[in-house]
Amino acid sequence: MATMPASASDLLKSFKLKTKQQELLIRVSILCLVYILAFITRLFSVLRYESMIHEFDPYFNYRTTLYLTENGFYDFWNWFDYESWYPLGRIVGGTLYPGLMVTAVLIYRILRFLRFAVHIREVCVLTAPFFASNTTLVAYFFGKEIWDSGAGLVAAILIAVCPGYISRSVAGSYDNEGVAIFALLFTFYVFVKAVNTGSLAWSLASAFGYFYMVSAWGGYVFIINLIPLYVLVLLITGRYSMRLYVAYNCMYILGMLLAMQIRFVGFQHVQSGEHMAAMGVFFLMQVFYFLDWVKHMLSDTKLFQAFLRITVTSAVAVGGIALGLGMVSGYISPWTGRFYSLLDPTYAKDHIPIIASVSEHQPTAWSSFMFDFHILLFLFPAGLYFCFKRLSDATIFIVMYGLTSMYFAGVMVRLILVATPAVCLISAIAVSTTVKNLTVLLRSKNKVVQTGSTKGSGGSKSSSKALLDQSQPFQKNGAIALLFGAFYLLSRYATHCTWVTSEAYSSPSIVLAARGAHGNRVIFDDYREAYFWLRQNTPQDAKVMSWWDYGYQITAMGNRTVIVDNNTWNNTHIATVGRAMSSYEDEAIEIIRSLDVDYVLVVFGGVTGYSSDDINKFLWMVRIGGGVFPVIKEPDYLVNGEYRVDKGAAPKMLNCLMYKLCYYRFGEMMTEYGKPPGYDRARGVEIGNKDVKLEHLEEAFTTSNWIVRIYRVKPPNNRW
Amino acid sequence: MEAPIRAREALGFILFSLLFSICRSSSLNHLLISNAERRIDLSSHIVKVFLTLKVENAGSTPTSEVLLSFPPTQADHLATVEALVTKGKRKKTTLVHLDVKPTELPDAPNDAKYFTIYLANPLKSGESTTIEVLYLLTHSQEPFPAEIAQSESQLVYYRDSALILSPYHIKQQATFVKTPSTKVESFTRVEPSNRAGTEIKYGPYEDHPPYSFSPILIHFENNSPFAVVEELVREVEISHWGNLQVTEQYTLVHAGARHKGVFSRVDYQSRPTLNGASSLRYLLARLPPRVHSVYYRDEIGNISSSHLRTDSRKSELEIEPRYPLFGGWKATFVIGYGLPLQDFLFETSDDRRYLNFTFGCPLLETVVDKLTVKVVLPEGSKDPSAVVPFPVEQHLETKYSYLDVVGRTVVVMEKKNLVPAHNSHFQVYYTFKSIFMLAEPLMLASAFFLFFVACVAYLHIDLSIRK
């Protein structure tokens with residue numbers, strides 16, 4: 001036993017690394033651990049449920065990915081989908097961002113080439129966690145670029161577990177955002193790098209990053225507006241440099257040309273109002289460059305001032321006239337409703353009910369900020385303070401990114417996602433700087449006594465100098481206490497993140513889980529039951545009408561044609577479905593027949609107490625339907641402005657198609673002990689119309705917990 | 001009912017007269033059947049027929065071949081024919097299986113199909129023996145009405161002959177038909193015939209010449225679910241690391257009377273016995289013991305409604321489809337499970353290995369229309385050969401799985417029209433050198449090694465152009 005430590009220490013000595021190597025080793029191993037952590041923390045849903053696709057939109061992405069694997073890229077690019085938006089159809093290749101599908105198929109092909117017999121579904125399920133892991137690496141390098149490697153490491157750790165990001169990147173959440181956040185952060189990082197170095201290579205890389213982002217998510221508009229804004233700020237603050245000129249021009253021109261290759265984006269970069277800021281800044285850069293050159297040529301300042309005045313006014317005038325002409329002639333399209341609703345949170349509510357009806361488009365509540373950011377919420381201002389203390393091109397960028405994205409996060413819940421990387425980076429600066437200052441304080445005190453001079457590097461100098469000046473008695477203890485406080489907060493953050501991930505963000509929403517009477521887990525798998533029934537037992541060309549929420553799932557899992565789906569591109573079509581659902585049966589049947597519908601599907605939670613069912617969404621159907629067809633009036637369905645389904649409900653409500661389909665034969669059903677039959681558990685009332693008779697539709701299938709009900713449209717009666 | 005029976009009698013007569021001449025020329029007709037008893041069990045959708053024949057050699061030469069004949073419509077649905085003979089004296093009797101082979105006769109009347117039973121000992125002149133024959137018929141109950149509503153029960157037709165179709169003269173015969181319930185709508189009377197409880201008795205009939213035929217039609221209630229697997233692909237993958245992975249892909253259909261009109265969940269839940277009586281609610285699969293990692297899923301994900309019960313002798317997997325299957329409804333699903341290799345893989349004395357596994361479908365009371373069994377041998381195995389107790393179509397394929405370079409040999413066996421009686425064992429023999437087991441781990445190890453070497457090299461080599 002005694003010899004063992006000696007030999008071990010010998011071994012250590014022979015392996016003894018230099019400090020720099022040690023640091024590298026620690027850094028690499030921390031990064032590796034963070035990389036793995038970011039991946040496995042997103043696997044809760046796979047372990048708890050199964051490897052499956054979540055929610056609504058991912059099912060469309062999965063279906064298109066399957067199509068891409070089976071038919072190849074050219075067929076995918078030219079795909080006209082007959083199974084959705086019947087009878088209009090959808091040009092899929094031209095109306096989606098293909099980045100996600102191409103990425104997944106590429107990973108799939110590589111794995112297949114390496115003889116890993118994986119199924120494309122598994123690749124799709126794990127794409128988001130994989131890209132989240134890659135994002136942590138980018139966050140590290142970004143942090144290193146704007147501050148130092150310590151901040152980079154902290155940023156990587158923070159972003160690995162941040163709930164704001166996890167919410168959209170758990171395993172199975174196969175959505176554009178999963179890869180887009182990686183692309184977004186990568187583009188920003190490479191652009192900042194290009195601005196810092198003035199290197200053409202980096203700015204070329206940022207153009208490609210931008211291209212990937214454009215191919216992956218509509219949120220690229222944020223990049224193409226933030227970067228010009230950032231450039232503008234640099235110009236105004238007098239930080240114009242050749243580096244900036246190279247970085248921006250290369251990135252803008254190449255990025256624009258590359259982005260035009262995506263069919264869904266097309267010529268928007270030169271034609272749409274949302275992209276005009278970038279073009280304006282591009283021309284402004286040229287004016288700046290020109291002026292710089294003139295200034296260089298002209299030695300007379302007075303002459304230059306005059307020239308400057310003339311050039312600037314004429315440039316602005318020409319730009320204004322060009323923009324005005326473009327707008328008037330219709331060459332440049334005005335801003336879209338979605339863009340407006342970002343700038344003005346109340347816009348959607350008044351003008352586009354279809355955007356307002358989506359829960360993730362609501363303005364963010366304070367609680368969800370706290371839920372998604374936790375301690376980052378107050379580390380963020382602290383980080384901003386540090387950034388302002390050490391202003392550079394890079395910190396200006398991150399400050400601008402942070403502030404603008406925080407504003408957007410306040411406007412829409414789903415945009416918390418865009419703000420998350422910025423918040424993590426800025427908070428990482430705060431954490432890293434604080435901890436560094438505190439540890440320097442602890443370590444340098446001993447050295448001060450002995451050597452009298454500090455050897456601390458970088459940012460620690462100021463603090464150690466301060467230490468020399470004032471020797472407060474409890475400084476060391478205070479620093480220790482503060483350090484413990486910081487670690488406590490960070491560990492609370494980690495606990496909170498894990499809890500949020502496991503409790504809130506890891507349910508697939510297609511399978512519902514509840515606790516049974518004995519504490520056992522009860523699974524409601526009704527959605528898949530219904531979709532699989534559709535898939536197996538209806539004619540291949542059956543047309544299914546449902547509210548648009550379920551469109552993607554019906555086409556992906558049920559493999560049947562739908563009238564409307566989650567790609568809400570045609571408001572009138574959706575309004576027609578809304579109108580059919582909110583009309584009386586004999587009026588609705590006309591619409592249903594005109595749409596050639598064979599089956600009508602409704603989601604009903606009255607038996608299980610599942611609250612996000614069609615009855616609770618019904619007012620939106622009325623609103624959207626009424627927005628196009630004024631026959632439908634919202635007050636008809638309300639009693640004194642109150643929405644109810646019991647005896648006191650409005651007569652039109654009690655007899656409209658949606659009500660009838662949901663509550664057909666529900667009046668005979670005992671749902672809860674001690675309650676009358678027909679007691680709706682989702683709304684906690686006894687329903688008002690128990691004697692529902694259907695004339696033109698018949699019940700075709702109801703799932704075991706009644707969550708999905710499917711009705712068959714009867715053929716018209718024979719006329720005699 | 002009168003007219004068709006007359007017609008059939010006429011047909012029988014024509015048959016008889018037609019065959020008389022053929023039988024004369026045939027060398028087989030020195031056999032005769034002194035007593036025949038037939039029991040037809042209609043209680044499930046698989047028709048089981050037990051035939052007891054007392055065969056007597058009336059000729060002068062000993063013979064060891066006994067012919068069975070079937071009308072062509074039945075022959076198409078015939079899943080299996082087995083013949084047994086009892087041996088030994090009283091109390092110590094044992095049943096001995098006899099070989100049965102399909103036979104083509106050149107001038108078969110009305111396309112009758114034949115099976116030959118080969119007796120173990122030739123039957124000498126004047127001797128007699130008793131042969132027990134069991135045969136199973138699938139798809140032989142025709143739902144009538146063909147479409148029923150949820151609350152109706154399922155009625156079916158069964159067609160057969162009151163007289164046993166045989167190339168031999170039958171001195172005395174009787175047929176007993178067992179129906180699943182006492183509810184019989186109608187049955188063809190061929191006197192003497194009568195019905196008592198769940199049994200209909202035809203006979204005894206005396207002295208019928210060869211190829212006598214008297215069609216009967218029985219219309220009765222049969223609410224047992226007609227579970228038919230249209231296609232089943234079983235893949236058995238051998239890994240010499242100790243696991244046998246079985247994956248079974250089912251296309252299940254309820255082949256009974258088609259469901260029409262409404263499916264009402266209220267009625268189905270509140271009055272399960274009256275509503276959807278013939279619906280298929282669950283299936284039972286009998287799996288080998290020591291089964292592990294069982295899964296049950298379909299194209300869109302896991303199906304949570306299954307229960308596994310295991311004990312040391314067998315495992316039972318109870319599976320519920322996502323929805324109850326009514327007539328004409330379909331469901332596709334996959335069952336997969338792992339098994340310990342040592343239970344199924346053995347070595348022969350000449351250093352070959354063989355897999356010993358069950359052939360048929362593990363689901364109870366189901367008919368499989370088409371079964372494909374694929375045995376995936378480990379990479380590097382050679383000379384595969386399969387031994388199956390009944391005729392199957394065979395060919396070889398190649399499959400690529402994890403980290404395969406040359407691919408794995410797959411022995412594919414196909415058979416149509418299977419019943420649970422086909423769940424006998426088959427063997428696949430092959431040679432395999434254990435050293436090949438190390439190929440894949442070595443490949444992985446060397447890939448990682450190369451990766452680290454590349455990393456080390458990258459860190460130590462300065463690739464910059466400027467110095």
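**Reading charges in this model**

Guide: Let's start with A:Asp586, which lies in helix α28 (residues 585-594) of chain A; helices are DSSP runs of H or I, at least four residues, numbered from the N terminus. This is a predicted model: local features need pLDDT of at least 70, side-chain atom pairs count only at pLDDT 80 or more, and totals for chains, interfaces and linings use all residues. Residues are numbered from 1 along each chain as written, chains are lettered from A and ligands numbered from 1 in written order, and side-chain values use heavy atoms, without hydrogens and water.

Visitor: Is A:Asp586 buried, exposed or partly exposed?

Guide: A:Asp586 counts as partly exposed because its relative accessibility is 47% (buried is under 20%, exposed over 50%, partly exposed in between; 1.4 Å probe, protein chains only).

Visitor: What is a salt bridge, and how many are there over all chains?

Guide: Side chains of opposite charge can pair when their charged atoms come close. Here the count is 49 over all chains, each with a side-chain nitrogen of Lys or Arg within 4 Å of a carboxyl oxygen of Asp or Glu. In one of them, A:Arg528 pairs with A:Glu50, their closest N and O atoms 3.0 Å apart.

Visitor: Which parts does that pair tie together?

Guide: A:Arg528 is in helix α25 (residues 526-537) and A:Glu50 in the loop between α3 (44-48) and α4 (57-77), so the pair ties together parts of chain A that are 478 residues apart in sequence. Both residues are buried.

Visitor: Which residues of chain B are linked in a network of salt bridges?

Guide: B:Glu235, B:Glu237, B:Lys399, B:Asp404, B:Arg408 and B:Glu440 are linked that way.

Conventions:
Helices (H or I, at least four residues) and strands (E, at least two) are DSSP runs, numbered from the N terminus.
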